[in-house]
Amino acid sequence: MVKTSIIPIFIPHIGCPYRCVFCNQWRITGRRGVPDGNAVARTIKEYVTSAAEKRHWEVAFYGGSFTAIPMALQEELLAPAYEALQQGRIQAIRCSTRPDCIDEEILSRLKRYGLSTVELGVQSMDDAVLARAKRGHTAQDVVTATALLREHGFTVGHQLMPGLPGEDWNSLQDTTAAICRLQPDIARIYPVVVIADTELADMYRQGDYTPLSVHEGVLRAAYMKQAFVEAGIQCIRTGLQATEDLDDPAQVLAGAYAPAMGEMVDTRRYRILLFRLLDEAVRQDSVVVSYNRRDTSRVRGYGGSTVKQAKMCYAVPIQWKEDAALPEGTIGVTCRNAAWQIDVNTGTIYTK
């Protein structure tokens with residue numbers, strides 16, 4: 001199987017008509033300055049020629065509202081990517097943008113340059129939360145943009161930010177349900193982090209905003225991801241990509257940032273389903289929990305946390321073992337007189 005690899009082109013803050021309370025793209029991306037067409041061409045060449053094996057390369061324009069930047073700059077940046085696509089040096093082009101920066105003309109231009117995936121910075125589907133975050137768009141803009149992208153044959157992505165000011169669990173659940181109804185092809189979940197030199201940082205210092213703890217960020221992200229997975233929406237990232245700036249406590253003031261956020265979220269998802277079954281299974285003399293090797297960290301837990309917690313919660317011995325016969329995303333639970341399988345991707349427990 002050919003590995004898919006991203007060639008990131010960061011365009012922080014370019015084109016954004018608003019400054020959201022949480023946003024400092026210079027810190028988040030760890031990149032500064034404005035790229036031009038030559039920089040895009042050089043970056044593509046560096047990535048493609050440095051790889052030792054064949055890969056499925058995708059150029060991705062991240063960090064700003066790509067479709068809101070001046071048309072001439074859009075075309076300058078897209079031209080070398082499109083040339084590489086035509087020559088077969090890369091296999092796809094994608095971008096991220098705002099839901100209110102999508103229309104027929106914009107999508108026609110993107111199509112001409114071979115772009116196939118558009119990710120929308122949705123953040124929330126609660127208009128009150130969006131207003132407090134100073135997003136400048138509404139939930140209806142997300143609905144409209146998603147429908148238009150689908151009409152034009154694009155792969156649709158949604159980016160969500162649990163933990164924005166004014167969000168509570170009811171709001172989070174409503175946002176999650178709304179995204180599941182819209183059925184984007186892919187999703188990213190970024191629990192809110194308080195970054196230096198943002199309005200959110202000022203709100204935090206003044207006591208006007210209570211940030212998520214890492215634990216609470218994991219809980220909210222795990223809830224969203226499990227719902228998305230069960231709805232058939234591929235969740236391709238959870239938590240911000242670690243950078244030198246984000247690892248600096250002077251830059252990340254508070255919030256749900258952890259380099260291993262994705263693994264912690266999957267630990268939570270798997271543990272909820274496993275313990276739900278173990279609450280019944282541990283009435284037996286002993287239990288065997290089995291899993292595919294690729295699921296080892298998800299089942300045993302980040303840092304072995306699920307194994308440790310199971311020892312505290314259940315009195316019977318539990319054996320943990322890899323089983324190559326189990327597909328990834330499936331947990332087997334066997335007792336003396338019974339056996340079950342948990343399909344984590346659907347949240348379903350089957351009796352064997």
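User: Leaving aside its neighbours within four places in sequence, which residues is R269 in contact with?

Analyst: A word of care comes first, since this is a predicted model. Once the neighbours within four places in sequence are set aside, R269 is in contact with A222, K225, Q226, V229 and V344. R269 itself lies in helix α10, and with a relative accessible area of 6% R269 is buried.

User: Which strands does helix α10 lie across?

Analyst: Helix α10 lies across β10, β11, β12, β13 and β14, and runs at about 15° to β12. These strands belong to an open sheet of five strands, whose order is β11-β10-β12-β13-β14 and whose pairing is mixed.

User: Which strands of this sheet stand at the edges?

Analyst: The edges are held by β11 and by β14, which covers residues 348–351; each has a single partner strand, so one side of each is left without a neighbour in the sheet. Neighbouring strands of the sheet are turned by 20° against each other on average, if direction is ignored.

User: How many bridges join β10 to β12, and what stands opposite V289 in β12?

Analyst: Strand β10, residues 287–291, is joined to strand β12, residues 330–334, by four bridges, and the two run antiparallel. Opposite V289 stands V333 in β12. V333 can then be followed into the next strand, because its bridge partner in β13 is W340, and W340 in turn stands opposite T351 in β14.

User: How many residues does the hairpin from β12 to β13 pass through, and how many lie between β13 and β14?

Analyst: The hairpin that joins β12 to β13 does so through four residues, and these two strands pair in the antiparallel sense over five bridges. Strands β13 and β14 also form a hairpin, with four residues between them, and G347 in that turn has a positive phi of about 75°. The pairing of β13 with β14 is antiparallel over four bridges.

User: Which residues of helix α12 are buried, and which are exposed?

Analyst: In helix α12, residues 305–313, the buried residues are T306, V307 and A310. Seen down the axis of α12, its buried residues fall within an arc of 100°, so they line one face of the helix. On the other side of α12, K308, K311 and M312 are exposed. The cover over the buried residues of α12 includes α10, α11 and β11.

User: At what angle do helices α7 and α9 pack?

Analyst: The general idea is that two packed helices are described by the angle between their axes and by the distance between the axes. Here helix α7, residues 169–182, and helix α9, residues 214–230, pack at an angle of about 25°, with their axes 9 Å apart. The two helices α7 and α9 are therefore roughly parallel to each other, and their crossing is right-handed. Among the residues that meet, α7 offers W169, L172 and I179, while α9 offers L219, Y223 and F228.

User: Where is Q123 placed, and is Q123 buried or exposed?

Analyst: Q123 is placed in strand β4, residues 117–123, and is buried, with a relative accessible area of 7%. Its phi is near 70°, a positive value in a residue other than glycine. D197 likewise has a positive phi, of about 65°, although D197 is not a glycine. The place of D197 is in the loop between β7 and α8, and D197 is exposed, with a relative accessible area of 54%.

Methods:
Residues are numbered from 1 along each chain as its sequence is written. This is a predicted model: local features need pLDDT of at least 70, side-chain atom pairs count only at pLDDT 80 or more; totals for chains, interfaces and linings use all residues. Side-chain values use heavy atoms; hydrogens and water are left out. Buried means under 20% relative accessible area, exposed over 50%, partly exposed in between (1.4 Å probe, protein chains only). The arc is that of the directions from the helix axis to the C-beta atoms. Contact means heavy atoms within 4.5 Å. Two strands pair if DSSP finds at least two bridges between them. Axes are lines fitted to C-alpha atoms, for helices over the stretch in contact, and angles run from 0 to 180 degrees between N-to-C directions. Angles under 35 degrees count as roughly parallel, over 145 as roughly antiparallel, 65 to 115 as roughly perpendicular and the rest as oblique. A crossing is left-handed if the near helix is turned anticlockwise from the far one by less than a right angle, and right-handed if clockwise.
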